[in-house]
Number of protein chains: 2
Amino acid sequence: MESPCCPPQECTPGALLATPLDGAEDTLAALAKALGNPVRIRILRLLVARNACICGEIVEEMPLSQSTISAHLKFLKDVGLVQGTIDGPRVCYCVNPAVLKQLKILVACL
Amino acid sequence: MESPCCPPQECTPGALLATPLDGAEDTLAALAKALGNPVRIRILRLLVARNACICGEIVEEMPLSQSTISAHLKFLKDVGLVQGTIDGPRVCYCVNPAVLKQLKILVACL
DNA sequence: CTATCCTATCGTTAAATGACGATGGAATCG
DNA sequence: CGATTCCATCGTCATTTAACGATAGGATAG
């Protein structure tokens, strides 16, 4: 069990090229706003570290209520940084590698 | 005139090494929050593009009031991304290269 | 079917954001 | 000195965030 709900992440820290810097200001602003909270950064780090999915475990890792964590997850999900998959009675979260990469590119091109 | 208030920026897109990932969550969150607004991103881009300083010119570039721009500049200044130097009757703003680099490093290490 | 567990959503409250106009202070120009 | 210019700050208002407890819904377990 504990089958990952996401394909293994590809590690390509290079290849930060060809960026749509067009009207990407709103995109970058939305992504940056999602990062603009320590709790959400910790959640992201957790999801990256256990390069698979988690959910209620996140609540155990932080001194915050379940509803608060759920709200942060929704924030991250709405911006596309995180995906949630229903896995039986629980929900499996994981990082969306493409969006995270896009964020890194946009910031690197500042 | 128009003497730049900041030394010329060094372009070192590489060298993203040795990061204090320790308790940098709050630091990254603060920096990301500053980026979490399209207006502030545009201001940053302006300051980077004219790799020197500006001030009232920023107001002319955006459809926002002077007080609003001033508030955004204060936000960017409080987080360290921007510096302001008094230059006679006007104020000269420029990006703080070290902090911007730190931001890029922290995001790249996500 | 019923009970239990996990998560999302609702309702609430306090604080922070974002925008504006108006005011005030500092420095230059005349 | 006096007028003007440039910018920061103040006060206000609407919206958004962040946190909580409580509630509801969906799926498994018994």
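**Protein surfaces around the two DNA strands and the chain contact**

Three elements each supply at least two residues of the surface near DNA strand D: helix H4 (66-78) of chain A, and helix H4 (66-78) and strand S2 (90-95) of chain B. Here a residue is near a strand if one of its heavy atoms lies within 4 Å of it. Helices (H or I, at least four residues) and strands (E, at least two) are DSSP runs, numbered from the N terminus. The model is predicted: local features need pLDDT of at least 70, side-chain atom pairs count only at pLDDT 80 or more, and totals for chains, interfaces and linings use all residues. Residues are numbered from 1 along each chain as its sequence is written, chains are lettered from A and ligands numbered from 1 in the order in which they are written, and side-chain values use heavy atoms, with hydrogens and water left out.

DNA strand D is surrounded by 21 residues, the closest being Thr68(A), His72(A), Cys55(B), Ser70(B) and Tyr93(B). Sugar and phosphate make up 68% of the strand D atoms that come within 4 Å of the protein. Polar side-chain atoms of Thr68(A) and Ser70(B) each lie 2.7 Å from a phosphate oxygen of strand D. Val91(B) uses a backbone N or O atom, 3.4 Å from a phosphate oxygen of this strand.

DNA strand C has 20 residues around it; Cys55(A), Ser70(A), Tyr93(A), Thr68(B) and His72(B) come nearest. H4 and strand S2 (90-95) of chain A and H4 of chain B each give at least two residues to the surface near strand C. Phosphate oxygens of strand C lie 2.7 Å from a side-chain N or O atom of Thr68(B), 3.1 Å from a polar side-chain atom of Asn37(B) and 3.4 Å from a side-chain N or O atom of Lys33(B).

Within chain B, helix H2 (residues 38-49) packs on H4(B) at about 75 degrees, with the axes 10 Å apart. Axes are lines fitted to C-alpha atoms, for helices over the stretch in contact, and angles run from 0 to 180 degrees between N-to-C directions. H2(B) is therefore roughly perpendicular to H4(B) (65 to 115 degrees). Val39(B), Arg40(B), Ile43(B) and Leu44(B) of H2(B) meet Ile69(B), His72(B), Leu73(B), Phe75(B) and Leu76(B) of H4(B).

Chains A and B each bring 22 residues to their contact (heavy atoms within 4.5 Å). About 2100 Å² is buried between them, 69% of it from carbon and sulfur atoms. Buried area is the accessible area (1.4 Å probe) that two parts lose on being put together, summed over both.

Conventions. A polar contact is a pair of N or O atoms within 3.5 Å; within protein, one must be able to donate a hydrogen and the other to accept it, and residues adjacent in sequence count only if both atoms are side-chain atoms. Angles under 35 degrees count as roughly parallel, over 145 as roughly antiparallel, 65 to 115 as roughly perpendicular and the rest as oblique.
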